[in-house]
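Work through these exercises with the sequence and the 3D view side by side. Try each task before you read its solution.

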Amino acid sequence: MHGFANPARFLRFARWLTPLLLGLGLVLAFGALAWGLFVVPPDQLQGQTVRIMFIHVPCAWLGMAGWSTIAVSSIVELVWRHPLSAIAARAAAVPGAAFTALCLITGSIWARPTWGTWWVWDGRLTSFLILLFLYFGYIALAGAAQRDAAAGGGASRVTAIFGLVGAINIPIINRSVVWWNSLHQPASITFGKSAIDPAFLWPLLVAALGFSCIFGGVVLARMRTLLAQIQAEARLRRKAMA
């Protein structure tokens, strides 16, 4: 883990991996969406609306994965003081929020013909909406910590603690359909089992892999951008003090 603590070493690694992940992710995602739109048959009960699944489900997974990345990076920052952990957490926040918003939007579109309404205060939907607000709070807090140079590590630690506290919502999202009476269907894919027909399952898994590669590529690209900003600010401070 500490092998990439050196920013120069990390940048050499990220320089070739970023376009690889983005390119592979776009190919897989668009291929899976074309597969889901034009090859997969309509669902027996939901008809054509089931095709929203190939965007909605990967976005839901990555919305939770984004905050899990923030939580793990926050632990690494607080315990091991890894120099890139805070940057990784900040880099994951914006794409994580974007996937969470896309999940809520596509879920509402899917709910209208299925449930007869755009929104209900269901346990799964409400906890996912809270996740989006948590992302907004984290992005604002991380931005304020970076702008406030006087706060330094203290503000960074507060941001990391917020990232850990917000992770409490992840198991709540996961178990919400079990704990509360829910309109949202229970998990269709669990460890070693799937309730989804293979005709839908395989393009769904390919879509999830494609969107995951895009997520990873965007996070690496944002980390490179944040590192460049930090290095530029450091050079400006050295010139101002000279």
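**Exercise 1. Place Phe-200 and describe its surroundings.**

Step 1. Find the element. Phe-200 is found in helix H7, residues 198-241. Helices here are DSSP runs of H or I with at least four residues, strands are runs of E with at least two, and both are numbered from the N terminus. This is a predicted model: local features need pLDDT of at least 70, side-chain atom pairs count only at pLDDT 80 or more, and totals for chains, interfaces and linings use all residues. Residues are numbered from 1 along each chain as its sequence is written, and side-chain values use heavy atoms, with hydrogens and water left out.

Step 2. Check exposure. Phe-200 has a relative accessible area of 10%, so it is buried. (Buried means under 20% relative accessible area, exposed over 50%, partly exposed in between, with a 1.4 Å probe and protein chains only.)

Step 3. List the contacts, meaning heavy atoms within 4.5 Å. Leaving aside neighbours within four places in sequence, Phe-200 is in contact with Val-40, Pro-41, Pro-42, Asp-43, Val-50, Met-53 and Phe-54.

Step 4. Set sequence against space. Phe-200 and Asp-43 are 157 residues apart in sequence, and their C-alpha atoms are 9.2 Å apart.

**Exercise 2. Describe helix H1.**

Step 1. Take its length. H1 has 32 residues and reaches 45 Å from its first C-alpha to its last. That is close to the 46 Å expected at 1.5 Å a residue. (The expected span is 1.5 Å times one less than the number of residues.)

Step 2. Look for a bend. H1 has a kink of about 30°, centred on Ala-14. (The bend at a residue is the angle between axes fitted to the seven residues ending there and the seven starting there.)

Step 3. Find buried positions. Among them in H1 are Phe-10, Ala-14, Leu-21 and Gly-25.

**Exercise 3. Classify two tryptophan pairs.**

Step 1. Search the whole structure. The search finds nine aromatic pairs. (Rings of Phe, Tyr and Trp, the last by its six-membered ring, pair if their centres lie within 6.5 Å; planes under 30 degrees apart count as stacked, over 60 as edge-to-face and the rest as tilted.)

Step 2. Take Trp-119 and Trp-121. Their ring centres are 5.5 Å apart and their planes are at 80°, so the pair is edge-to-face. Trp-119 is partly exposed at 26%, whereas Trp-121 is exposed at 64%.

Step 3. Take Trp-179 and Trp-180. Their ring centres are 6.0 Å apart and their planes are at 90°, so this pair is edge-to-face. Trp-179 is partly exposed at 49%, and Trp-180 is partly exposed at 43%.

Step 4. Add a neighbour. Ser-108 lies in helix H3. Its relative accessibility is 17%, so Ser-108 counts as buried. Beyond four places in sequence, Ser-108 touches Trp-118 and Trp-119.

**Exercise 4. Which residues have the most contacts inside the largest nonpolar core?**

Step 1. Define the core. It is a set of buried Ala, Val, Leu, Ile, Met, Phe, Trp, Tyr and Cys residues joined through side-chain atoms within 4.5 Å.

Step 2. Read off the residues. The largest core has 54 residues, and those with the most contacts inside it are Phe-10, Met-53, Trp-67, Ile-70, Phe-128 and Met-223.

Step 3. Find the main contributor. H7 gives the largest share of this core, 12 residues.

Step 4. Follow Trp-67. Trp-67, Tyr-135, Tyr-138 and Phe-162 form one aromatic cluster. Not counting residues up to four places away in sequence, Trp-67 also touches others, including Leu-131, Gly-163 and Ile-170.
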